[in-house]
Amino acid sequence: MFQINRHKKIYNYLLDKNNATVNELAEICDVAPMTIRRDLDKMESDGLLTRVFGGAVIGSNIVKEIAYEEKEKISINEKISIASEASKLVSDNSIILLDSGTTCMEIARNLVDRSNLKVITTDILIAAYLMKFENIEVYCTGGRVQTDIGCCIDNTTVDFISKINADICFLGASAINNSLDVSTFTMDKVLVKQTMLKSSEYRILVVDDTKFEKSSFAKICELTDFNLVITNGDIKESLKETLIENGVSLQLV
């Protein structure tokens with residue numbers, strides 16, 4: 001098993017169990033305990049978990065931001081499925097606001113066969129990816145670029161977005177807690193994301209199931225502020241029922 005696949009498997013297992021021993025993870029991944037120790041050391045340095053004697057834990061529901069290259073390793077297939085479904089909502093001749101992040105990058109990959117799109121994004125990697133397609137007019141918001149993440153996050157960013165009238169917005173988030181508050185890592189990102197919502201006619205949240213029942217530092221909005229929430233079908237049945245009961249328009253893939 002490649003390292004990227006082991007890291008995903010370890011991370012998802014810890015999300016489910018909260019803790020695990022080295023020997024337990026070695027058996028699950030079918031590798032030597034020494035390999036797991038190295039994996040855990042690397043994942044701790046990337047902010048994905050906390051090392052303890054004999055294993056590792058994810059002991060808090062407060063999530064921390066990790067580098068873009070580490071985000072790419074987590075819930076890959078789920079993000080691809082979510083993005084595929086989300087992109088079906090984009091018609092030719094649309095104006096789209098596209099948030100930063102790996103799920104939104106997958107959405108961008110699905111838009112390249114559309115005609116006459118305008119895509120406004122806060123993500124320099126998404127802008128760089130889309131710029132080579134003549135059928136897509138790409139705008140990058142500008143502003144200070146966050147190190148290791150690649151998104152624009154200052155007042156310049158907010159000012160640019162506030163002048164846009166978009167048909168549809170795809171937003172990501174770092175966490176949705178049990179009170180259905182949607183949150184992100186910094187106050188800078190809150191204002192950017194809130195402005196994206198205000199500037200869009202139709203608002204869609206794209207998140208995988210690992211984002212639920214967790215919190216992050218700064219609240220963006222309520223989950224019901226979105227017209228639609230797209231996530232993968234691995235969410236718990238009890239959570240699904242809670243979301244529907246609270247008026248969340250939910251689409252599972």
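**Helices, sheets and cores in a predicted model**

Helix 1 (residues 3-17) lies across strand 1 and strand 3, at about 120 degrees to strand 1. The model discussed here is predicted.

Me: In the open sheet with the order 1-3-2, which strands stand at the edges?
Reply: This sheet has 3 strands with antiparallel pairing. Each edge strand has a single partner strand, so one side of each is left without a neighbour in the sheet. The edge strands are strand 1 (19-21) and strand 2 (50-52).

Me: In strand 3, what is the bridge partner of V52?
Reply: Strand 2 pairs with strand 3 (residues 55-57) in the antiparallel sense over 3 bridges. In strand 3, V52 has as its bridge partner G55.

Me: What angle does the direction of helix 3 make with that of strand 2?
Reply: Helix 3 packs on the sheet and touches strand 2 and strand 3. Its direction and that of strand 2 make an angle of about 140 degrees.

Me: Is helix 2 roughly parallel or roughly perpendicular to helix 3?
Reply: Helix 2 (residues 22-29) and helix 3 (residues 33-45) pack with their axes 9 Å apart, at an angle of about 105 degrees. Angles of 65 to 115 degrees count as roughly perpendicular. Helix 2 is therefore, with respect to helix 3, roughly perpendicular.

Me: How many nonpolar residues does the contact of helix 2 with helix 3 have?
Reply: From helix 2, V22, N23, L25, A26 and C29 meet P33, I36, R37 and L40 of helix 3. By class, this contact has 1 charged residue, 1 polar residue and, as nonpolar residues, 7.

Me: In the open sheet with the order 8-9-11, which strands have a single partner strand?
Reply: The 3 strands of this sheet show antiparallel pairing. Two strands stand at the edges, so one side of each is left without a neighbour in the sheet. These are strand 8 (175-176) and strand 11 (218-222).

Me: In strand 9, what is the bridge partner of A175?
Reply: Strand 8 and strand 9 (residues 181-184) pair in the antiparallel sense over 2 bridges. The bridge partner of A175 in strand 9 is S183.

Me: Which element gives the largest share of the largest nonpolar core?
Reply: This core has 29 residues, and V182, L205, F212, L223, F226, V229 and L243 touch the most other members. Elements giving two or more residues to the core include helix 8 (155-162), strand 7 (166-171) and helix 10 (237-245). The largest share, 4 residues, comes from helix 9.

Definitions and conventions: Residues are numbered from 1 along each chain as its sequence is written. This is a predicted model: local features need pLDDT of at least 70, side-chain atom pairs count only at pLDDT 80 or more; totals for chains, interfaces and linings use all residues. Side-chain values use heavy atoms; hydrogens and water are left out. Axes are lines fitted to C-alpha atoms, for helices over the stretch in contact, and angles run from 0 to 180 degrees between N-to-C directions. Angles under 35 degrees count as roughly parallel, over 145 as roughly antiparallel, 65 to 115 as roughly perpendicular and the rest as oblique. Contact means heavy atoms within 4.5 Å. Ala, Val, Leu, Ile, Met, Phe, Trp, Tyr, Cys and Pro count as nonpolar, Asp, Glu, Lys and Arg as charged, and the others, Gly among them, as polar. Two strands pair if DSSP finds at least two bridges between them. A nonpolar core is a set of buried Ala, Val, Leu, Ile, Met, Phe, Trp, Tyr and Cys residues joined through side-chain atoms within 4.5 Å. Buried means under 20% relative accessible area, exposed over 50%, partly exposed in between (1.4 Å probe, protein chains only).
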